[in-house]
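User: Hi! I am a first-year student, and I would like a close look at one part of this model. Here it is.

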Amino acid sequence: MIPETYWVLERLNMLPKMKRSHFVNKHSVQFVNQHGRISEPFYFHDNKPHECSQTWQVRRSEFDHLMIENAREHGVQAYEGTRVLEVLWEGERAVGVKVQDEDGTIGEVRADVVVDASGQSSMIMSRLNLREWDPELKKSALWTYWEGAYRDTGRDEGATLVLQTQGKHGWFWYIPLHDDILSVGVVASNDYLFKNRGTVDYEKIYFEEVEKCPVVKERISSAKRVSQFYAQKEYSYRSKRASGDGWVLVGDAFGFLDPLYSSGVLLALKSGQLAADAVAEGLAKGDTSGAQLGKWEPEYVRGMNRMRRLVCAYYDGFSFGRFVKRHPHKKGAVTDLLIGDLFREELDEVFQLMDEMNAEAGAFEEPAVA
Ligand SMILES: Cc1cc2nc3c(=O)[nH]c(=O)nc-3n(C[C@H](O)[C@H](O)[C@H](O)COP(=O)(O)OP(=O)(O)OC[C@H]3O[C@@H](n4cnc5c(N)ncnc54)[C@H](O)[C@@H]3O)c2cc1C
């Protein structure tokens, strides 16, 4: 997670559960370049001295379980093991869902509003043909889990590492979880990682990439792999719109952004919060039109675009180090964006200055190949 997740968790009254949990505390991020040079840890607290600057490295199944329990405690009727087969429509208005429970019984649930939070399966986006792939971010990921891999201690124990591979074809994430488990995955263009590879063997591809990242290789050298390999292909996309009459999209069901800065859960929670406010307001005044349910979309998309620009800048080889040296008073603003504080117009000055540097020679490291 990234620190700004704190505010949505606070509103959901989830913080006590998070603080009691066994999730590893995350205080920082570190970047490693293709030559193996490790940056100083980048402590969130130095930028914002507030408890929100400590976040967590969660195992999603456990975090999601805490979330659903929390929702129940606050009066939500939640069903698990129930599959939505399709959204029900009357003309262009969504009016409910057709569901199948665990023992195969099929039924219908009528509703004034359907919130599609179905993640990458994006039920409504697919049904209405709304998906737009991001042409610049055709990346893929390949990952697995390790037990007993190297981990730092103390305040650095939960640091996420982002490590470039030699030749800058891609980057690894190195994320310490609880129970001595580490999530270690590589991201690169889909063409490079899978399509033009000459093999479909995930294990072979994974270890070929590990060879190009000696810091990862060393850290996992005496560890035991405790899961299969997982792959996710070509995955940055967005819906042409976030709502229609009686329906609204949140999280990955609306859009997904490359995981470089670990922004996915923040964006999912933030869009959920904004959509929930619009739904509550709409129900109170008897307006469940697309305009009402999606009134948050422009602000949210601006925030998502700010994160996207930072992601693209990394892949283009933009040097944030040089940028901060040139504009030291903007270090805080860049950090704010990277921790997920994406919804403030005044931060756009950073992008104006980045554009100015873009126009000059010297703003870039060698661009990433992939
Ligand atoms: C390789 C990779 C690495 C990532 N790393 C990070 C990271 O470090 N940090 C981060 O914050 N994010 C990361 N993300 C992104 C993050 O996983 C997503 O953005 C986030 O999970 C979106 O949440 P969501 O609730 O919208 O969707 P999901 O978490 O996918 O949840 C959707 C839910 O809907 C359910 N569902 C789907 N269809 C149906 C149906 N028909 N009926 C009933 N239920 C259904 C699914 O079972 C699932 O429980 C990563 C993503 C990828 C691909």
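Which helices and strands do the buried residues of helix 9 pack against?

Analyst: Happy to help! This is a predicted model, where local features need pLDDT of at least 70, side-chain atom pairs count only at pLDDT 80 or more, and totals for chains, interfaces and linings use all residues. Residues are numbered from 1 along each chain as its sequence is written.

Helix 9 covers residues 264-285, which is 22 residues; helices here are DSSP runs of H or I with at least four residues, strands are E runs of at least two, and both are numbered from the N terminus. From first C-alpha to last, helix 9 reaches 32 Å, close to the 32 Å expected at 1.5 Å a residue (1.5 Å times one less than the number of residues).

Now to your question. The buried residues of helix 9 include Val265, Leu266, Leu267, Leu274 and Gly282 (buried: 20 or more other C-beta atoms within 10 Å of the residue's own, with C-beta atoms placed from the backbone). The buried residues of helix 9 pack against helix 1 (5-11), strand 8 (114-116), strand 18 (247-249), helix 10 (290-293) and helix 11 (297-316); contact puts two such C-beta atoms within 7 Å.

Helix 9 also takes part in the shell around the ligand, giving its largest share, 4 residues. Gly264 and Val265 are among those that come nearest, of the 22 residues around the ligand (near: C-beta atom within 6 Å). Strand 5 (83-90), like helix 9, supplies at least two residues of that shell.

Finally, helix 9 is followed by glycine 286, whose phi is positive, near 70°.

Note on methods
A residue is buried if 20 or more other C-beta atoms lie within 10 Å of its own, exposed if 12 or fewer, and partly exposed in between; C-beta atoms are placed from the backbone.
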